[in-house]
Amino acid sequence: MIVSPPSAAVDPALTDLRAIIGARFVKTGDNATKPFREGYREGGGPCVAVLQPGSLVELWRTLKVCTRNDWIIIMQAANTGLTAGSTPQGTYDRPTVIISTTRLSGIHVLKDQGQVVCLPGATLHKLEGVLKPLGREPHSVIGSSCLGASVTGGVCNNSGGALVERGPSYTELSLYARIDEDGEIRLMNELEIDLGSDPEAMLHRLDTGSFSSSQVRSSNALASDRNYADWVRDIDATTPARYNADPRRLKGASGCAGKVVVFAVRLDTFPSPDQEQTFLLGANTQDALAAVRRRVLRDFSVLPVSAEYLHQDIFDLTEDYGRDVIHLIRLLGTLSLPRFFSLKARTDSYLGKMPFLPPHFLDRVLNGIGRILPHPLSRPMRSFASTFEHLLILKTKGQGSAEAAAMLGEMQATGDISVYPCSDSEASSIGLFRFAAAGAAIRYQMIKGAEVGALLPLDIALPRNTEHWFETLPDEITALIDKKLYYGHFLCHVFHQDYVLKPGTDEAAVKDAILELLEKRGAKYPAEHNVGHLYEAEPELAGHYRALDPTNQLNPGIGKQSRRRNYES
């Protein structure tokens, strides 16, 4: 895709923007904008420019220029979304710009350490690093889908995660700008922090942390889904525990999907668990793991930290196509990996211009290196895992560890499941292995090239009362699929289902057929990622978008809605 150079009509506005944020942070042209206008896994389209403000005041001034010129604005943080929700898509009726918030990465810990205020570019990994010395942790930790994901992006997209008790990332406390019916941009302070009334003065205080603890008001508003632990325990409920369009969790910035411009979110933090114990469970029937789930959610006084499911097929694929990721995390640490992958993306772009190299050359090299390095899992653990169709990584804490040991010992004695208690090092390794599984299908498709077809990724939420949770597809659909890969957050009944199709298969037709089957099972989708441009927004979610952005100037087309001004057809 080639991006046309800015036209004469937009040149004066770009000149104004260069004066506001600096010429080097107004990116135009194909090569400079490519990392921003192409999605992590899906999507991509043209834009006039990518803008990277360096302060909240610069972001405010940038927005005023864009709205004055009637430009479409697509807000973007880390660009790690899986559904094309933070990149341009298709054609628009107005010039389009991407505003990247990666330079706005500030984090303010509030006085009692029980809450933080995160600016729009703050990453989950940075927040983990800030909180760890305090004995606290954020809503989510490494173990889901992407490295470098932003905290605010999680709130805007109702993102979930691996931690059983916490549910979707959610807050009712935020500061954001919306564009009203008259096209005017207005700053909405719902942080419950007294920052004054002048927008630029407010944003400067917030950016620099120039506010006192007395200005931070105590609030009954939620800064996390505090009821989720009870919600997920309701194993007889006919609705899913969490999903993207859940009307319970659509408010302001939460679930906005880029239909407002978020300057800051205020979120709860959580005590870091101690005395953790990880068990690797193996079973060859779905009924055995269903029984584990029901007993844990119904009977345990302390919920597990996490319960991550892996089917044997994704376990095998990760052994072949994910080992380098595990070694990179161990070598560089999670805080350095986003920079590594940014460098990798630039290198990929450069190497892709060399016709004598095969496609995805760097991925092939990294994968080859991973295969010759020592296996990340111990030999006894690999031997155990290889004998079961279904694997569950159950991490417990405190009294929950004793409860788990007693229940699992009882179930193992009956022959329903097998249990492998993990040492601390094995627990760390299998946790990283689960993380690497999320990218294994992408790597497999890259390296196989023309031997396989498209990658169809779905993340779905099953009703909480579902007992037959493992998918069985009709033969006519299975015949079109090269690999079916299942993994996910088991106690929440949220599953990632990646299908590598056979060459020449109609991806849209297979997707429609699978989604039809999921609807019959009462599933909701997507479960923990933005609807993006891949899914149609449910009516309440579409209404949420329209109420936030009545002129359709921010991220138009999301949820397969109109891309035109005022949502015209």
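**Charge pairs, surface patches and backbone details**

Arg295 is partly exposed, as its relative accessible area is 22%. This value, like the others in this section, comes from a predicted model.

Arg295 is a good place to begin, for it has a partner of opposite charge. Side chains of opposite charge can pair when their charged atoms come close. Here, Arg295 and Glu410 form a salt bridge in which the closest N and O atoms are 3.1 Å apart. The arginine belongs to helix α8 (residues 286-299) and the glutamate to helix α14 (residues 399-413), so this pair ties together parts that lie 115 residues apart in sequence. Like its partner, Glu410 is classed as partly exposed, with a relative accessibility of 44%. Elsewhere, salt bridges with shared partners join Asp225, Asp246, Arg248 and Arg249 into one network. A search of the whole structure gives 23 salt bridges.

Two further pairs are worth finding in the 3D view. In one of them, Asp180 and Arg186 form a salt bridge, with 2.5 Å between the closest N and O atoms. The two ends of this pair differ in their surroundings: Arg186 is partly exposed at a relative accessible area of 41%, whereas Asp180 counts as buried at 6% relative accessibility. The aspartate falls in the buried class because its value is under the 20% limit.

In the other pair, a salt bridge connects Arg242 with Glu528, and their closest N and O atoms are 2.7 Å apart. This pair links distant parts of the chain, 286 residues apart: Arg242 sits in the loop between α7 (228-233) and β10 (261-268), and Glu528 in the loop between α17 (507-520) and α18 (539-548). Where do these two charged residues stand, buried or exposed? Arg242 is buried, with a relative accessible area of 2%, and Glu528 also counts as buried, at 2% relative accessibility.

The loop between α17 and α18 has another feature to look for. Pro526 is located in this loop, and a cis peptide bond joins Tyr525 to Pro526, with omega at about -10°.

The surface can be considered next. Asp313, Asp316, Asp320 and Glu389 form a negative surface patch. One of its members, Glu389, lies in the loop between α13 (379-385) and β14 (390-396), and is partly exposed with a relative accessible area of 32%. That value is enough for Glu389 to qualify on accessibility, because patch residues need over 30% relative accessible area.

The loop between α13 and β14 also contains Thr387, which is partly exposed at a relative accessible area of 48%. The side chain of Thr387 reaches the backbone oxygen of Phe384 at 2.8 Å. Although Thr387 and Ala283 are 104 residues apart along the chain, their C-alpha atoms are separated by 8.7 Å.

A patch of another kind is nonpolar: Phe361, Val365, Ile369, Ile372 and Leu373 form it on the surface, and together they have about 420 Å² of accessible area. Among them, Ile372 is placed in helix α12 (residues 361-372). Ile372 is classed as exposed because its relative accessible area of 72% is over the 50% limit.

The final residues to visit are buried ones. His493 is placed in the loop between β17 (481-489) and β18 (494-501), and it counts as buried at 0% relative accessibility. The side chain of His493 reaches the backbone oxygen of Pro463 at 3.3 Å.

Which backbone angle is positive in Asn158, although this residue is not a glycine? The angle is phi, with a value of about 55°. Asn158 lies in the loop between α5 (151-156) and β8 (174-179) and counts as buried at 4% relative accessibility. Asn555 also is a residue other than glycine with a positive phi, here near 50°. It is found in the segment after α18, and at 1% relative accessibility Asn555 counts as buried.

Methods:
Residues are numbered from 1 along each chain as its sequence is written. This is a predicted model: local features need pLDDT of at least 70, side-chain atom pairs count only at pLDDT 80 or more; totals for chains, interfaces and linings use all residues. Side-chain values use heavy atoms; hydrogens and water are left out. Patches are made of residues with over 30% relative accessible area and no salt bridge: like charges are joined within 9 Å, nonpolar side chains (Val, Leu, Ile, Met, Phe, Trp, Tyr) within 5 Å. Accessible areas come from the Shrake-Rupley method with a 1.4 Å probe; for residues, only the protein chains shown count as cover. A salt bridge is a side-chain nitrogen of Lys or Arg within 4 Å of a carboxyl oxygen of Asp or Glu. Lys and Arg count as positive and Asp and Glu as negative; His and the chain ends are not counted. The place of a charge is taken as NZ of Lys, CZ of Arg, CG of Asp or CD of Glu. Helices (H or I, at least four residues) and strands (E, at least two) are DSSP runs, numbered from the N terminus. Buried means under 20% relative accessible area, exposed over 50%, partly exposed in between (1.4 Å probe, protein chains only). A polar contact is a pair of N or O atoms within 3.5 Å; within protein, one must be able to donate a hydrogen and the other to accept it, and residues adjacent in sequence count only if both atoms are side-chain atoms.
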